[in-house]
Each structure stands twice: as C-alpha cells, then as structure tokens.
2 protein chains.
Amino acid sequence: MNVENTKKQMRKGVLELCILAIISEEETYSTDIIAKLKEAELIVKEGTLYPLLSRLKTAGLLHYNWRESENSPPRKYYFVTEEGTNFLNNLWSSWSQLVSSVNLTTKQLQTVEKLE
Amino acid sequence: MNVENTKKQMRKGVLELCILAIISEEETYSTDIIAKLKEAELIVKEGTLYPLLSRLKTAGLLHYNWRESENSPPRKYYFVTEEGTNFLNNLWSSWSQLVSSVNLTTKQLQTVEKLE
DNA sequence: TTTTAGTACCTTGTATTGCAAGGTACTGTA
DNA sequence: TACAGTACCTTGCAATACAAGGTACTAAAA
C-alpha cells in the first residue's frame, strides 16, 4: 500500500467532473484538455482521456465536431450536450457533498494543520 | 452512465483517508466506524469496511486489540501505527491538492452557484 | 522521393477498490 | 432450545486510471 497508488484511486470519478467542466467552459480537443488539466496540476495520460471521452460520448453527454488545424491532423472538438450539463451539475453536487463529508471526518487533521 | 455510479467511483481512495482519520482520533471498532461515517453522510457497508481494515492492517498502518463488551461478542479496537500516521498525513495532503485542482478546473461552476 | 518529428487519434490488458450478497460465531433473553 | 442482536469475515462483480502499444495525418529535412 503506497501513497502514489491511493492518489490515483482518489481521482476515480473526479476526472469526469473536471473534464466535463473544462469542456463546458469552451469547446476543446483532447491535447488541449490535457494541457488545461496539467495547469491545475492534474496529470492525465492519453490512455485515460480517450476512453473517458468515448464513454461520455456514448452516454450522450458529449458530442464533437471535426475541425481542421494548421500543421497537424484534424481535431475532435468536444462540446457538452444538454444531458451532459445536467450530469455535470449532478456530479458537482456529489463532489461538493463528498468534500463536506471528508471535512467532517478529518476535522482533527485540519486543526493540526492550523497549529503548525 | 449514471450519477449514482460515479458517486461511488468518486469515493475510491477517499474512504481510506476518512477511516484512518476517524481511527486516529480515537481507538474504535467497525460498527462504530460505520456510525461515525454515517454521521458525516458517508454510507459505508460492511463489505467495504472489513476488507479495507484488513488491507490497512496487512500494510502495517493499523493494529488492533480485542476488547470484551457487554451484551455482544468481543470487538476489534483499531489504532493507527506510526507508519499509519505518516500515511494519513500523505493522504491528507494528496486530498488537499486534489480539492485545489478540482477547484481550479470548476471555477465556472462555482460562479454559477454563487449567482443563484 | 524518402525519412523524420510532431501531433492527434485509438485499443488492449492489468491493478485496484467499493459493494452486493452471502456466511459464521458470540451474547443474552424468551 | 430458539431467537434476536451484534460483530466478524469472504467471494465475485463492475468500474476506472493507466501502462504500453499502435495508426494516421502534416510539414520539413535529408
């Protein structure tokens, strides 16, 4: 049992929220999504992102348009459907509730942190 | 793809943090742990908790003492080892970082929330 | 023309974990 | 002796992050 591993596990389900949030802000494509996640210090690999986008697409939460680009192959620009927006809102409230639950169970830790 | 399911996925790894935090606050046993999680609106089933406690025990992060109890079978009272305390601190900082990453990627959503 | 570098797309298989569903065993009471 | 309540545990499944591999397009260099 090691921290790095648990760190990965903690992200399960959360990436969906982040990726939907990013796409809902602006139509975008995979490499750019990875870059934006990286800015927020969330390192996501292609092998993670592509299957995730496919799942969201299949579930009708995302759609995409092909767009040409200079000096590179065409890109899939994703956007969030109405259904996707609802889902995103639900995810957000689930996440908010999880954060508040964790805050309650880790009160002690937070106190220690403040004392330092 | 449904919200309930993703909600479960979001808990992966987080339960370790919460359970270690609860035990670190006070020696306690499984049924009581479940009750405390429930207070924080985290519904955890026995089939989740027992394997988790076993893993943490095997990894040397937890130990336990048997204690008699009135009107019921003996209980395993768990406590966090020194190694477990280190691990807990690492989990806490991973969690804090995840929260801050999610906050960054979902800025838009939070703004919407405030406007309501 | 051929090769290389960069970008963009995708798939397969593995490890991990939450949980449903089932079970055993101890205590005190009816 | 039977039952209810508590406490413990196991097996098998579903879901997801990711390592590791691959294809295909563009443009510039050899």
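This report describes how the protein chains meet DNA strand C in a predicted model, and then how two helices of chain A pack.

**The surface near DNA strand C**

Of the 28 residues around DNA strand C, those that come nearest are Ser30(A), Glu46(A), Arg75(A), Lys76(A) and Lys12(B). By class, this surface has eight nonpolar, eleven polar and nine charged residues. Both chains contribute to the surface, with at least two residues each from H1, H3, H4 and S2 of chain A and from H1, H2, H4 and S2 of chain B; S2(A), with five residues, gives the most.

On the side of the DNA, 72% of the atoms of strand C within 4 Å of the protein belong to sugar or phosphate, and the rest belong to bases. Polar side-chain atoms that lie by phosphate oxygens of the strand include the following.

| Residue | Distance from its side-chain N or O atom to a phosphate oxygen of DNA strand C |
|---|---|
| Thr31(A) | 3.1 Å |
| Thr48(B) | 3.2 Å |
| Arg55(B) | 3.3 Å |

**Packing of H2(A) with H3(A)**

Within chain A, helix H2 (residues 14-25) packs with H3(A) at an angle of about 115 degrees, and their axes are 11 Å apart. Because of that angle, H2(A) counts as roughly perpendicular to H3(A), and the crossing of the two helices is right-handed. In this contact Cys18(A), Ile19(A), Ile22(A) and Ile23(A) of H2(A) meet Ile33(A), Lys36(A) and Leu37(A) of H3(A), a set of residues that divides into six nonpolar, no polar and one charged.

Note on methods
Residues numbered from 1 in each chain as written. Chains lettered and ligands numbered in written order. Predicted model: local features only at pLDDT ≥ 70, side-chain atom pairs only at ≥ 80, totals over all residues. Heavy atoms only, no water. Near = heavy atom within 4 Å. Polar contact = N/O pair within 3.5 Å; in protein donor to acceptor, adjacent residues only side chain to side chain. Helix = DSSP H or I, 4+ residues; strand = E, 2+ residues; numbered from the N terminus. Nonpolar A, V, L, I, M, F, W, Y, C, P; charged D, E, K, R; others polar. Axes fitted to C-alpha atoms, helices over the stretch in contact; angles between N-to-C directions. Parallel < 35°, antiparallel > 145°, perpendicular 65-115°, else oblique. Left-handed = near helix turned anticlockwise from the far one by under 90°. Contact = heavy atoms within 4.5 Å.
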